[in-house]
Structures are given as structure tokens and as C-alpha cells.
Amino acid sequence: MSKTKKTLIALLILAVLAAALLLVWSLFGPQNGANDADKAIVVTVVHGDGGVNEYAIVTNQEFLRGALEDAELVEGSESEYGLFITAVDGEAADSSLEQWWCINDGEGEMLMTGVDTTVINDGDAFSIVLMTGYDEY
């Protein structure tokens, strides 16, 4: 067998091995981060009548706003600071009664960031509570 034929056979075998490795990688390798980016969070909504609803949300959003909007849990208007939440879980805050939605972390502490800038991590918990009285906090 000539040297050229041996080289061609070796290259063909190498190409077949490379294609097989690529196929195995595409089937069993990382899936473009689809599952790696998923985060599970819990959002508890406390309504004005004291009713409580809890939502388990799985999201790949980086910020709380995206997760809440994807779950169709909040409504609001844009402000210079981001989303101003006016309704949560179908209940609108009544500004004539000085009602507003307070967002707390898992420890019950009021967030010092808005939903647009609150970064979420897997396992985070938040509560959104309807408050009455602007001087409540």
C-alpha cells in the first residue's frame, strides 16, 4: 500500500472519529445553558384582606421583574426608577387609601432595590405585601 493511501485512510479515520465525538458532545454535552440558568424562586403575595398566595416560579431571568412578569403576577407603569408596581396577583393598590406594594426578601426585610435591579438566585424567596399608609416604613 502506498504512503499516500495510508495517509488518506488515516485522515478518513480521524475525520470519522471527530464526527463521532462531535455527535456525542451535541447529544450529551451542555445544552446551551438552558437548564444551567434555571432558578427556582418562591413568591408569597399577601393581599389586603390578609389572604396569602404562594407561587413557585422557575425562571432563567436575571432580575425579579422578568420573573414576576413571566409569571403574569404583576402589573405596573414605567417610572424613572423602573417598574412601579400597581397590581399584584390581580389586586390593585388603591392610591386614595395610600396603598402600595412592599417587596421583601426571604427574611422579611424590605428590599432597598426595585424589581428591575433585584438580582435573583436559585432558592431565593420574596414576599409582596399590600401596605396601607405611605409613612408605614
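Here are some short exercises on this predicted model, each with a worked solution.

**Exercise 1. Work out how helix 1 spans its length, and how many of its residues are buried.**

Start with the ends: helix 1 covers residues 3-28, which makes 26 residues. Next, look at the distance from its first C-alpha to its last, which is 37 Å. That is close to the 38 Å expected at 1.5 Å a residue. Now check how well helix 1 is covered: the count of buried residues is zero, so helix 1 is hardly covered, taking buried to mean under 20% relative accessible area.

**Exercise 2. Describe how strand 1 and strand 2 are joined and paired.**

A bit of background first: strands of a sheet pair through backbone hydrogen bonds, either parallel or antiparallel. Strand 1 takes in residues 39-46 and strand 2 takes in residues 52-59. Their pairing is antiparallel, over eight bridges. To see one of these pairs, pick Val42 and look across to Ala56, its bridge partner in strand 2. Then follow the chain around: the two strands form a hairpin with five residues between them. In that turn sits Gly50, with a positive phi of about 90°.

**Exercise 3. Find the strand order in the open sheet, and name its edge strands.**

The open sheet has three strands in the order 3-4-5, with antiparallel pairing. Its edge strands are strand 3 and strand 5 (91-92), since each pairs on one side only. Go through the pairs one at a time. Six bridges join strand 3 to strand 4, and here Ser77 stands opposite Phe84. A hairpin links these strands through two residues. On the other side, strand 4 and strand 5 pair over two bridges, with Ala87 facing its partner Ala92 in strand 5.

**Exercise 4. Decide whether Leu73 is buried or exposed, and list what it touches.**

Place Leu73 first: you'll find it in the loop between helix 2 (64-70) and strand 3 (74-79). Its relative accessibility is 4%, and the cut-off for buried is under 20%, so Leu73 counts as buried. Now for the company it keeps. Leaving out residues up to four places away in sequence, Leu73 touches Val43, Val45, Tyr55, Ile57, Leu68, Ala87, Val88 and Asp89. Take the last of these: Leu73 and Asp89 are 16 residues apart in sequence, yet their C-alpha atoms are 5.0 Å apart in space.

**Exercise 5. Look at phi in Asp89 and Glu98, and say where each residue lies.**

Keep this in mind: most residues other than glycine have a negative phi. Asp89 has a positive phi of about 55° although it is not a glycine. Glu98 also has a positive phi, near 60°. As for location, Asp89 is in the loop between strand 4 and strand 5, while Glu98 is in the loop between strand 5 and strand 6. Asp89 is partly exposed, at 22% relative accessible area, and Glu98 is partly exposed too, at 35%.

**Exercise 6. Describe the largest pocket and its lining.**

Begin with the space: about 530 Å³ lies in the largest pocket. Its lining has 22 residues, and those nearest the centre are Leu83, Phe84, Ile85, Trp100 and Trp101. The elements giving two or more residues to this lining are strand 4 (82-88) and strand 6 (99-104). Finally, sort the lining by type: 13 residues are nonpolar, seven are polar and two are charged.

How values were computed. Residues are numbered from 1 along each chain as its sequence is written. This is a predicted model: local features need pLDDT of at least 70, side-chain atom pairs count only at pLDDT 80 or more; totals for chains, interfaces and linings use all residues. Side-chain values use heavy atoms; hydrogens and water are left out. On a 1 Å grid over the protein atoms alone, a cavity is a set of points where a 1.4 Å probe fits but cannot get out, and a pocket is an open set with protein on both sides within 12 Å along at least five of seven lines; lining residues have an atom within 4 Å of a point. Grid points are joined across faces, edges and corners, and a volume is the space filled by probe spheres set on the points. Helices (H or I, at least four residues) and strands (E, at least two) are DSSP runs, numbered from the N terminus. Ala, Val, Leu, Ile, Met, Phe, Trp, Tyr, Cys and Pro count as nonpolar, Asp, Glu, Lys and Arg as charged, and the others, Gly among them, as polar. Buried means under 20% relative accessible area, exposed over 50%, partly exposed in between (1.4 Å probe, protein chains only). Contact means heavy atoms within 4.5 Å. The expected span of a helix is 1.5 Å times one less than its number of residues.
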